[in-house]
Structure formats: C-alpha cells, structure tokens
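Subject: Structure handover

Dear colleague,

I am passing on the structure below, together with an account of what came out of going through it. Please read the text alongside the coordinates.

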Amino acid sequence: MMKKIKRLLALALSVAMVISLVACGTPDTTKTTEADKKTDAPTQGGTPEGTEASTGEEETGITYPLDTDVKVSLWTAILALNSDYNDFSESPYHTGLSKNTGVEIEWLAPMAGQNSTDAYNLLWTEKTFPDVIYHKQSLKKVGQLYDDGLIWDLTPYIEQYAPDYWAALQKSETLYKSATTSDGKILAFFALRETDWGAVSYGPQIRKDWLDEQKLEAPVTLADWENVLTVFKEKYNATLGFASAMLKSVFFAPGAGCYNTGSNGGDGVFFKDDNGEIQCTYLTPEWKTYMETLRRWYVNGLIDPDSLTMNAAAVRTKAANNQIGASYGVMSQLTNFNTDAETNKTGAVWTGAVNLRTEAGKPPFNIRGGGGGVTGSSAVITKSCSEEKLIEVIKFLNYGYTEEGFMYNNFGTLGDTYTLDANGLAQWTDKVANDPQGQNALTKYTGSSSLPIGIQADQFLKLKNHPLTAGAVDLWIKDFDSENNHKFYTAELTEEESLIYTNRMANIDTYVNEMVQKFILGTESLDNIDAFYKQLETLGINECLYVTRAAYARYEAR
Amino acid sequence: MNKDMSFGARVARDFRRNKWKYFIIIPALVYLILFSYKPMYGIVIAFQNFKPHMGVWKSKWVGFQHFKSMLTDIYFLRGMKNTITINVLSLLLDFPAAVLLALTLNEVRSSKIKRTVQTITYMPHFISSVVICGMVSSFCQSNGLFNSVIEFFGGERSNLLIQSKYFYPIYIGTQIWQTTGWDTIIYLAALAGIDQEQYEAARMDGAGRLRLMWHITLPSLVPVISMLLILKMGKMLSLGSDKILLLYQPATYDVADVISTYAYRRGIVEANYSYSTAVGLFNSFINIILLRVANKLSKKLGQSGLF
C-alpha cells in the first residue's frame, strides 16, 4: 500500500520534473530509448547473417550483430550510468552493447537516489515488466519468480539459442548444479566468474614492512598469529583491528579447525564434515577453542577494543594512523590501506596472509568456493516479453558469454579502452587509466565495476585493485583443495521447510552474533558454554539442521 | 424545524452557508485520507504470507500465525521489555527536563540571554540523527573524547558502546541534549499566556520567586503537561529505531534491542513483511489501550482529558 503511494508520489514528482524541464528540452533521465543506432551497426565486422531460428538447424554458433529489429527493454541497477552522462545514449558501454549485438536496447534503471533493492521489489508489483531484469537474484529467488509465473523457463531454448551460455554452464558439475533448479530447469542467465579466484574476495591482511623489520615469518596458524600480534603490540603499539561485520564471516576460524565465526543471515552456520555429514559450526568443540583464543587475544590487548563497533571507514582511519598492524577484510580494504600509505608516505606495506590452518603445511579447513563460479546476480526474462521475441532476447543475452562479449564486458573495445600485452592479458589504455574518475570510470567502458551479464574476468579484478591486492588473493586461495572443501550446496527449500528455517534462523542469527561478541568481551563466560548450547536448541537449531540435511540430500541425489 | 430536515438536507444547507470553510478543509482531508486511512487496508497483510508481486489480494491467508510466533518469540518479548524501559526512563528524565528548562528560562530577566540560551538549546534538534550518532560513536571509542575525560579523572580507557551498562546513559543523555530545547517551545508559549495580575497579587501577599513558581507558574502549566503526557503514553510501545540502529551492537542487544529494531531485522533485512506488519499492528493495539488508560486517569485526577 505504502509502495503504491510512493509510486504515485514518484510519478507526480517526475511529472513535475518533466514539466519544469520541458523548456530546456531535457528528456527524463530515467528512461532512454536508443533509437537509430541500427544504421551504423552492420559496418562492424562480419556480415549480418540470418540466424533466425526458422530453420532450427543453426545451433553451431550465433553471429553478432544479430540481424533483427527486436527492441529489448532491460532493467538493471548493476550496469549503471556513469555520473558523467545524463543519458544512456551518451554512455560508451551501453551504446556499444547495442552496436555489437545489433539489438536496440531500452535501458531502464532506478531513479537517481533510489535504493536499488526497493526499486527492484517495486518492479514486481507492476502489471507489466521490462523484458529483461538484471539484478542480484539468487537461484532461490529466481525459482520463486518462476513458481509465481513471472518469468520464462529457458530450459528448452538454451542449448540451441544460447550455445555459449550452455557451454559455460557445462564447465563443471558444481557450476551446472548451482545455476539450475533441483528439477533441472534453467531459469536465468547467471553472471559467472572466470575462475574461483574472483570468488575469494576477503581474508587476513597484515603489515608486511613490520613483519620484515622484526624478521618474522608470515603467520599461518593461530599460534603464529598470536606471536606476531604480540610483537606488533610491544614494538608498535598496534593491534588487530577489523570492521565489526567481519565477526559474522569466516575470520580466523579455520585456524582452530572450524568453519565460521558468527552467522550472516544463516550463512556459515552449517558445514560438511569429513564424513560428508552436515553439522552445525557452533556445536563443535573446535568452535569453543576458537572463541577462547579470541577471548585471550582480547584480554591481552591484541584485538583493538573498538573493532566491535567499527565500520570499514573507521578501520581505514586506524590503519592510516598505524594503530592497527593486522586486519581481516575485503580486497578493496587492502587497496585502500595501500593507497592511503602511498598518499601519506607512511611507508606502510599491507599484504594478504594465507587463510589460517590448524598446522603449517595442512590445507586450510575451508575456503569459500564460488559455486564453481556462479554468482548471486542473474538476468531473467519476464513474462511481459512475448513468445515471438523470446528467442531473440535469449540470443541477445548469450552475447556476454561469447569470446567477443567476454572481452567487451570486461575491458571495452580493443585499441580504444584496452590493449593486449605480451602475455595476451588485457591492459587499460591511457584513456581509462588516466581518467579523472579513477576506479569509478570503469562504468563508462565496462558497464559495471562489479559483474556483467556474462563472465567476469580475473584480469578485470586484478586491474581494478591495487597490485598488492592481486597478490593477496593468490594467498587467500592458496592450497585451496576442492576435496577438502567443507562448503556444500542444497536444493531449494520447500515452502514448509523455508518457513521453519527462516523463522528459527532469524533468532539464531541474533543470538549467535550477540554471544560471539559477549564471549570475546567476557560478559558471558565460556565455562558456561552448555547454557549456550541449550539456548541454541531452544531456538530450534535442530529443526534447522534437519531441514538443511534434507535439502542437501535432495541436491546430492540429482 | 431543523429536526424535520433529513441529514442530507441539513448537510446541503450547511455546505451552502459555509462552503469556503469546507473548501479550506480539503487539503487536510486529502492528506488524512491518503496517508492515514488509505494505507490502513495494508494491515491485512499481517494475516497473510505477503508476497509483493502477488499483491494484497492474491497472497496466501494464514490467520493469526504471525501473531502466535511473535508472542512466543523470546526476542520479541525482550524487545518489548527494552522499549518500555527506555520509554519509562525518558519519561522520568527527558520529559521533566523540558519543563525545568522552560521554568528556568521564564525566570531569566534579560531577554538577550534568554534568546541566546533558547537558540543554543534548539540547535541540536536540527542535526540529523545519523550525524549525532556518528559523533557519539567516535566519542565513545577507546581513544575518543569521553574516554579522555574518564582517563583524566583516573579511570581506564574502554569502548563505551559495547558495554550494556553504559547504553541507557548514552542514549538518554543524547536524547535530552537533542530534544530538550525544542520541547520547551510549547511550555514557553503557555507561560506567556499567564495573567500577570496573578503574580502581582501574590507578590503583594509577600510571595518570593520560588513561591510564585510553585503556586502560579507550575499550576498554569499543568494542562499542557498532562496533555503531552497523555500523548506520550500513546507512544509507549513505539520508539524511533534510527538512533538505536546506529548505536547498538550485538554485544548490547540485551538492553538495546527494541521492538522497532527487532521488526526492522525481521521485516526489512529478511523481507518478512507480513511478520513486521503483525508486530506493528500489535504495537498500535497496545498503544491505543495505554492512551485510553492515561486519558481516563487524567480525567479521574481532575485534569481535562484529551477526549
């Protein structure tokens, strides 16, 4: 109801805006049609061939640009418009995509300042939808959309009309399973990663210059870390500082041989043990040892006490002021640390450190796999797209998975925005590298600084981040052994299961994150861990475990 | 004669007589209908498993399921306890602060000083909560301002926001700092309306300044105070979540997690709209009861009620 009103308001506002702008002739910036780009389309390499499906025998490959007069409306907040442009018709990436695919695209995006998730949720309350919606949509979400009759089932068409996407899905069994529903349906074009490299985006971070100065080895086990942190504390009065949200992630858990620290919307609660059985992280004795270690670090002043309230910006300030010597966080944090050090000439050198392990030489207990490269972003074709148009739209979306589309989506146009070096790797041209917008300029040429509708190149991430960061990711995934991967995948939960799971998991989430902080602070004693187990049981951990095991069994049975 | 006319006819006649008055009402009426009455039908989603794209009428009906799971949820009950605690504390500390400040300001002779003090105390009202909470967070850090003060007096440095015992002082303290000045406006307006002759008469009888305040100023304020108190009672179970969301940590959930933050985590973060609506509806229900009770009490105690 409120949404309807909001929509009315938004409508009224945009009408008012349009009226006030009519004098200057500026079009409404939220909606842009890209007309007349077809005139110059066929001049670009390759003769336009009739790949129309009428014969149904041409599954050997699709030639771009397509010879079609189909117009596709595409809603996305991910392939956003760079702030330099008022209109999608000015944006090199967006116009280029039309040119390369031969498809006229009507780009739709949330209004400036509107929260993209809100805008996305509102989309589905409309009577008609854009043809294609590209957003953060997990397999679970896509399955719900299909069950509600909102999107097309693409299964019958993919192999024939999107051969490149089909080929990409065949890369590994995990990948295929992670992108298709439990009954084998293909419902969406998932954004993929070139390798697992890109999926591991966070891990331990440490001051390399201090390690060298004290002649210390890079730490590997919890004991090593304790030693290094103690030295840092004595010599530099620096601690381990991190954003409080990190206590919901893997963090230093692998060092104690457990899977996760806190819980993030139910993520990290369960893992697959060595016998292939699903277990709950918090109920293991290893987790207790892990908490005891963190508690000891806190008591000894090795952990910055503000870590429990800090956000990423506060951590960055502390790092710039040499108050912290080690951290845990995402790639971009490491990039920020190093750029700050260079700007302020502090001489700090931050690098990644390997994910912790129980013993040197052993592989780490776990590493987040990327579902074989499947991400949580996907493009769906809504039921508003007519059946006649469907095949053309599928062919259009296939472009991102072709060799040509891969290069275009990640690096732009050869010679203009990137060149190939001696190793065949893409490097930015001066035009991109020297753009005053810095990293933000990438949206001009690659559409997104995150994921394209297609495959994200590892090289793209390496170019995007500080050179030291790329080295960090190499360390974070070091000794990644898929056999030793404790991550598991489940089939979608049934409606009944999902009701049991979400209601209980919400409280388990709250409880665990509260207790993790209290164990560390010492407001709850770890001697009382039995009370913790008991409370988890009351909150329904066993029911959640049961549901997860059942969904896992269904997935394995596929 | 009037009684013989039908209701419709009476309305029509009244309309003819007062059509411009009716005309003036329109904007307020439209506002009420659009923003207060029309959204009410959305309440039905509290009894459904609401899915946005299916809309209100196609979503599945589940009856009182959400209310049942809400009332058996320990975190809901904890949220309720904390909401009431915070509201009672603010009733005891925050509410009288404005009255006190107004009374003090009233005694100030120099209008220049009075105006300056007023302006300064208003000011925090115009700072956004996000900014205030950002300031408070950094003051509370182990190397922040508050800790420097504590250390100066011989205390130990520690992060104040992760300790449950400091949450209420921090929250209520910033609340008083932010709202007291603004809240005095209505009292000062009431004070301006007091008949000066009463004071003169009392002075003639030999009353000092404290006597004047106790016997004339305060009693004149009582109607306003009781009205504001009743209104406040009606909001006993609702509490703005923005400041708490910005200040609380998992470590202080036990004292800081209130109903609105609980509903936020369940409803917005987990997109469980129906459940959140059920929480909201339940709150409104209790609030109405509290409002009626306070109103009754106020009438019983000889003060005029709101309705």
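Two residues are taken to be in contact when they have heavy atoms within 4.5 Å of each other. With that in mind, and bearing in mind throughout that this is a predicted model, 75% of the contacts in chain A between residues at least 6 apart in sequence join residues that are at least 24 apart. Chain A has 558 residues, of which 53% are buried, and its secondary structure comprises 21 helices and 15 strands. The accessible surface of chain A amounts to about 23,800 Å², and carbon and sulfur atoms account for 50% of that area.

One sheet in chain A may be worth following strand by strand. It is an open, mixed sheet of four strands, arranged in the order β7-β10-β6-β11. Because β7 (239–240) and β11 (350–352) each have a single partner strand, they form the edges of the sheet, and one side of each is left without a neighbour there.

Starting from the β7 edge, β7(A) pairs with β10 (residues 324–330) in the parallel sense, through two bridges, and here A:Thr239 has A:Ile324 of β10(A) as its bridge partner. The pairing of β10(A) with β6(A) is antiparallel and extends over five bridges, with A:Gly203 standing opposite A:Gly329 in β10(A). Strand β6 of chain A, which covers residues 202–207, is mostly covered, since five of its six residues are buried. On to the other edge, β6(A) and β11(A) run antiparallel and are joined by three bridges; in β11(A), A:Trp350 is the bridge partner of A:Arg207.

The other feature I would point you to involves chain B, where several helices contribute to the lining of the second largest pocket. This pocket holds about 680 Å³ of space and has 23 lining residues, those nearest its centre being B:Asp94, B:Gln175, B:Asp183, B:Lys232 and B:Lys235. By residue class, the lining of the second largest pocket consists of nine nonpolar, eight polar and six charged residues.

Which helices of chain B each supply at least two residues of that lining? They are α5 (74–107), α9 (164–192), α11 (209–233) and α12 (242–247), and α9(B) gives the most to the lining, with seven residues.

With best wishes

Methods: Residues numbered from 1 in each chain as written. Chains lettered and ligands numbered in written order. Predicted model: local features only at pLDDT ≥ 70, side-chain atom pairs only at ≥ 80, totals over all residues. Heavy atoms only, no water. Buried < 20%, exposed > 50% of the residue type's maximum accessible area, 1.4 Å probe, protein only. Areas by Shrake-Rupley, 256 points an atom, 1.4 Å probe, with all protein chains shown as cover. 1 Å grid on protein atoms, 1.4 Å probe; cavity = no way out; pocket = protein on both sides within 12 Å on 5 of 7 lines; lining within 4 Å. Points joined across faces, edges and corners; volume = space filled by probe spheres on them. Nonpolar A, V, L, I, M, F, W, Y, C, P; charged D, E, K, R; others polar. Pairing = 2+ DSSP bridges.
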